[in-house]
Amino acid sequence: MAPLDGRSTSGTDTSQIITDVLDKMYSESGRANPYPLYAQLRELGPVVTAPDGTVLISGYAEQRAFLQDHRLTKHPGRRLAAAGWPDWRDRPSLQLMFESMLFLNPPEHTRLRRLVSAAFTPARVERMRPVVERITADLLDALPGGTVNFVEDFALPMPIAVVAALLGVPSSDWAMFQSLARDWTLVLDDISPATVERADRAAVEMGECFTRLAKDRAKHPQDDMMSVIVAAQGDDKLTGRELVTMAALLLVAGFETSSGLLSKGLVALLRHPEQAARLRAEPDLAVSAAEELIRYDSPIQLVPNRTAEEDIEVAGVKLAARQPVIAVIGAGNRDPKVFSRPEELILDRQEAPPLSFGGGVHYCLGAPLARIEAQVALPAVLRKFPDIELAGTPVPRAGHVISGLLKLPVSL
Ligand code: HEM
């Protein structure tokens, strides 16, 4: 199967539909509800080519093949240079983000991934469950009542506190880390000079904080991930810069993503009161419910930025060297070939795993922790506030790669 080409194979109509879908996808209404747009895309086929040459993959099977194919690699430097940042390594925010493991290829990626995986073991993640429970209970107890913005009051501070606790950041610094991480994460969506300026200040400060923490843990190890990473020896030892970059990546990767899961997950539940009632009443439903909420409205909607260095074929799709490709995760998660009644929220669904955590060598390292956060927090919110309801229209955050909310007014 060759990608359906908007320019040559099917004339203006197809081109126009793809252009239209792409324009609307990034608009506020498209970010709030991209699913009708994805349905239009899917009608054209599981793989289509936009008039600018970008290949858009909406099919589940095709996305899995693409994410797992090692011939597709990441080259952030090229994109940054094309966007006017040839000297990106001189800017602290761009260097800290784009030199991180998330943007590296094997073998550099393999070494870093092995090292951090050795510290981020299933046992350590499971030991975080009571920590997640305590952070959840404390934040819910502190809610003022009446109408609150669930994003500011819960969905942002909760995952920051969890990753900060995992790393060993003292709780007195959690609020500061939230604002630093927020300013720095902006460069994932927007690399305008003003944004980079702001993100640079945050990246420098965050780097200093993690350097101090690493020095402290080298002298006084504790039961946290920073102590384990600092203690690694031999070939596996991280340099000081790698260590700071890794800690910052963990913070940023587990922050807006989990926040999106908690806030959009709550919206989905409040819009399906019968499903919410089941989750309140059946604690055993928490595991499959979290999985379904991760599928239903994924906190990562697009995985862009992988290219092949030469002409290749993946799942029958021909890709030219350096042709941009975007996996439209949110569309794959609703592929009717894989999920029955994909547009419905069915908390006890037992079908294929969602694509939301990506695939291949970059498969989300924090997926087990993100699952625990949703399994603990969402039932806890519903049980503590039996009358909770939407008190206004949720406002999406800017950007569509990481898809979350800025405002979620709820009355408790
Ligand atoms: C619901 C929440 C989350 C979602 C949807 C999510 C999704 C993803 C996705 C799609 C990727 C792959 C990106 C790519 O291939 O370019 C990824 C990578 C990653 N995630 Fe997550 N994530 C979540 C939470 C977390 C948490 C809580 C952590 C850590 C505390 C984390 C740490 C990472 C790291 C370190 C990577 C890079 C892995 C690598 O490059 O090898 N994530 N995540």
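In this predicted model, a polar side-chain atom of H109 is placed 2.7 Å from an oxygen atom of the ligand. A polar side-chain atom of R113 likewise lies 2.7 Å from an oxygen atom of the ligand, and for K74 the corresponding distance between a polar side-chain atom and a ligand oxygen atom is 2.6 Å. These three residues belong to a shell of 27 residues that surround the ligand, in which K74, H109, R113, H362 and C364 are the closest. Several elements of secondary structure contribute to this shell, with at least two residues supplied by each of α7 (108–119), α15 (240–253), α16 (256–270), β6 (302–308) and α20 (367–384). When the shell residues are divided by class, 16 are nonpolar, eight are polar and three are charged.

The ligand contains an iron atom, for which C364 is the only protein donor, through its SG atom at 2.3 Å. C364, which is also listed among the closest residues of the ligand shell, is located in the loop between α19 (329–332) and α20.

Two local features of the backbone deserve separate mention. Most residues other than glycine have a negative phi, and most peptide bonds are trans. Against this background, P106 and P107 are joined by a cis peptide bond, with omega at about 5°, and P107 is found in the loop between α6 (92–98) and α7. In N305, a residue other than glycine, phi takes a positive value near 75°. N305 is part of strand β6, one of the elements that supply at least two residues of the shell around the ligand.

Empty space in the protein was examined next. Rolling a probe the size of a water molecule over the atoms shows where empty space is left. The second largest pocket holds about 350 Å³ of space. It is lined by 23 residues, of which A32, N33, V267, R271 and D297 are the closest to the pocket centre. Both α2 (28–32) and α16 supply at least two residues of this lining, and the largest share, three residues, comes from α16. Helix α16 therefore takes part in the lining of the second largest pocket as well as in the shell around the ligand, given that an element is listed where it supplies at least two residues. By class, the pocket lining comprises nine nonpolar, seven polar and seven charged residues.

A search of the whole structure for enclosed space identifies one cavity of 30 Å³ or more. The largest cavity contains about 50 Å³ of space, and its lining is made up of I57, E62, F66, V314, A315, V317 and L319. Two or more of these residues are given by each of α4 (60–68) and β8 (317–319). In terms of class, six residues of the cavity lining are nonpolar and one is charged, whereas none is polar.

Among the strands, an open sheet of three members is arranged in the order β5-β13-β10, and the pairing is antiparallel. Because β5 (147–149) and β10 (389–390) stand at the edges and have a single partner strand each, one side of each is left without a neighbour in the sheet. The antiparallel pairing of β5 with strand β13 (residues 409–411) extends over three bridges, and within this part of the sheet T147 is positioned opposite S411 of β13.

Technical notes. Residues numbered from 1 in each chain as written. Predicted model: local features only at pLDDT ≥ 70, side-chain atom pairs only at ≥ 80, totals over all residues. Heavy atoms only, no water. Near = heavy atom within 4 Å. Polar contact = N/O pair within 3.5 Å; in protein donor to acceptor, adjacent residues only side chain to side chain. Helix = DSSP H or I, 4+ residues; strand = E, 2+ residues; numbered from the N terminus. Nonpolar A, V, L, I, M, F, W, Y, C, P; charged D, E, K, R; others polar. 1 Å grid on protein atoms, 1.4 Å probe; cavity = no way out; pocket = protein on both sides within 12 Å on 5 of 7 lines; lining within 4 Å. Points joined across faces, edges and corners; volume = space filled by probe spheres on them. Donors = N, O, S within 2.8 Å, 3.2 Å for Na, K, Ca; no water. Pairing = 2+ DSSP bridges.
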